[in-house]
Structure formats: structure tokens, C-alpha cells
Amino acid sequence: MGVVPAEASAAPSGDVHVSPSGKKSNPGTATRPVRDLSDVRRVLDARGVHGHIRVLFAGGTYKLKQQEWKHYRAKSITFQPEPGAAEVRFDGQRNQKQQQKYWLVVGPTRTRMTFTGFQVSGYTVGGIFLRGEGTADSRRVIGATIDRMTFAGLGTATTGFAAVHMNYARNITVRESQFIGLENKGCPGCMHGVYFAAQSNDNKVTGRNSFLSISGDAVRASDYSNRNRVEYGSSFALTGVKAVFSAWRIKGRDPRCSEGNVFVTATDQYTSFRAQPIPAVKSGPDPDTCPRPQITAVRP
């Protein structure tokens, strides 16, 4: 924990400090931290900082309701543990009554955002939802990085979509992260590690990611999401229903077939969530109207 990514190596023009014991009225300094992201936004608005921003979390467990982040004009924003901090964990406690659905919902933004070094568990629907609203750049989430994160124990008996869920997202990178124990018991195939949805294009999963015990396919593309790529290097075990990487048309959504998605894999077969063989890739569910594969497996 406490790793500072390359993007934050230069001296930032604004640091905001967060702690489980922080207070809403604090100014977000190291000695007087705030408690959650709504407080961070208030601090940034007051400071008027628009360069390179770091949001630094003290070690500990944060038991927070779903957090939301709307566009803030800045060159970059990095969310990370304090350098040298103990483990930083966000625990939704699977409490549906208090609406801990996702850990974090990010609205449309072109600010380069990085999330690194956290553990996220106990949320009912998923981890991070990059929720764009349309195909124009001003309505997309563009250029975010999910780096060295751990998503574990997400989903419930009745719900669950993805640890990293994208709508109208572009140029998102997921790397060096762990996805463990993600299950929607009511709709097992609905829960994914990474989900490219609603015309999410040109995104990638790269590096040594680990997908273990996920009830749905580890990676899925749907709703005309194109040119997404899973690079060689990740591990997949006890994961998936249809395939490790599937591209699917869903009734009532965008009728076009996704295209240009790629899974770089050394094997054609993996072990599903139910310990049965599944293929590396599968396009579906209607080959008659999607005659070309929506996703292709290639060798490293």
C-alpha cells in the first residue's frame, strides 16, 4: 500500500487528506483531514485548485455509503493511500437499506483520474461505476486508470453487476488488480470483474490481474462496446458462465453488434464458477444477427 503512481511523481498543486476519523468541517490538511469525497469536493471548490491533485487516505477501514464524484476541472486527480499508510479498506457491509450500492460512482469527466492501492468490499452492486451519459466526449468518462486495487466480496443474493462497471467510458485502463469472490446469487451471470457497457470503447485490461471465484464472466462487453482488449498476463480461475471474456447483445438495449474486442490468451479453455469447462471467448446470444464474432481470441 501507499504506492505513488508515476502520474503523481511531480509535486502536486493540491493535496487533500482523508481519514476514517476525519470531520466534515475540517480543511483537509494532514492534521485536520476530512471524512469522505463530498468533503473533498467542498475543500477543492474552496481552494480553487485545478492542477495536479492528490486525495490521500489515511490507513484504516472506511464504512461509507455510496460515494459520488462529479467532474472537477483539473489536469489530474489521483486517489491513493497516504505514502507509508497501513491498508486502506472501503467496507459497504452489504447494507442494502443504507444504499451502499457501489463504492464509487464517477460522472462524466475528461480529467485524468487514477484510483490506486485500495481494498473495496461489502458493496451490494459493485466497486467503481464509471457512469458516462452519452457518446459525446463531454458526456463520457475518459482516461481513468484503475491500478493495484483489490475488489473482494461484492454482490448479494439478489444483485450485483461488476467490480469495475463502465457506461460510455473510453480509454480506461485496468491493471495489476485483484477481483475475488464476486457473486450475484439471484442472477449469477450478471456479475463481472470488468464490464464494458453502453458504448464503452477502446478500454483495456493489462498486466497481472487476478480473477478468482466470480459468478459471471470475468470480462463482458455489451451495448455496442467496441475495440476493448484484455492483454495477456492475467489469471482466471473458477470464474464465468459463458466464457472468460464474452460480448453480448441484451434485449431492449442497443441492437448493434459489438465489434473489434480482443482477448489475448494462451489457452482456449478455462474453469467456470461451477468448476465446469468454458471457452476463452464467446459472442452471443444470436449468431444469426451477429454473423461475425463480437470478440476474438488471439495468441500472445
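Buried means under 20% relative accessible area, exposed means over 50%, and partly exposed is whatever falls in between. Keep that in mind for this predicted model, where Arg148 comes out as partly exposed, with a relative accessible area of 34%. Here's a quick tour of the sheet, one helix and some charged side chains.

**The sheet**

- Ten strands line up in an open sheet, and their pairing is parallel.
- Reading across, the order is β1-β2-β5-β8-β12-β16-β19-β22-β25-β29.
- At the edges you'll find β1 (14-18) and β29, and each has just a single partner strand, so one side of each has no neighbour in the sheet.
- Strands of a sheet pair through backbone hydrogen bonds, and they can do that in parallel or antiparallel fashion.
- For a closer look at one pair, take β16 and strand β19 (residues 204-206): they run parallel, with three bridges joining them.
- Thr173 has Lys204 as its bridge partner in β19.

**A helix across the strands**

- Helix α1 (residues 37-47) lies across β1, β2 (52-57) and β5 (76-81).
- The helix runs at about 150 degrees to β1.

**Salt bridges around Asp147**

- There are 14 salt bridges in the structure, and Asp147 takes part in the next two described here.
- One links Asp147 to Arg148, with the closest N and O atoms 2.6 Å apart.
- Asp147 has a relative accessibility of 2%, so this residue counts as buried, while its partner Arg148 is partly exposed at 34%.
- The other joins the side chains of Asp147 and Arg175, at 2.9 Å from N to O.
- Arg175 sits in strand β16 (residues 173-175) and Asp147 in strand β12 (residues 145-147), so this pair ties together parts that are 28 residues apart in sequence.
- Arg175 is partly exposed too, with a relative accessible area of 24%.
- Through shared partners, salt bridges join Asp147, Arg148 and Arg175 into one network.

**Another salt bridge**

- Asp217 and Arg220 meet through their side chains in a salt bridge, at 3.1 Å from N to O.
- Are these two residues buried or exposed? Both Asp217 and Arg220 are buried.

**Out on a loop**

- Look for Arg292 in the loop between β28 (281-284) and β29 (295-298).
- Arg292 has a relative accessible area of 63%, so it counts as exposed.
- Between Arg292 and Met191 there are 25 Å in space, C-alpha to C-alpha, and the two are 101 residues apart in sequence.

Note on methods: Residues are numbered from 1 along each chain as its sequence is written. This is a predicted model: local features need pLDDT of at least 70, side-chain atom pairs count only at pLDDT 80 or more; totals for chains, interfaces and linings use all residues. Side-chain values use heavy atoms; hydrogens and water are left out. A salt bridge is a side-chain nitrogen of Lys or Arg within 4 Å of a carboxyl oxygen of Asp or Glu. Buried means under 20% relative accessible area, exposed over 50%, partly exposed in between (1.4 Å probe, protein chains only). Helices (H or I, at least four residues) and strands (E, at least two) are DSSP runs, numbered from the N terminus. Two strands pair if DSSP finds at least two bridges between them. Contact means heavy atoms within 4.5 Å. Axes are lines fitted to C-alpha atoms, for helices over the stretch in contact, and angles run from 0 to 180 degrees between N-to-C directions.
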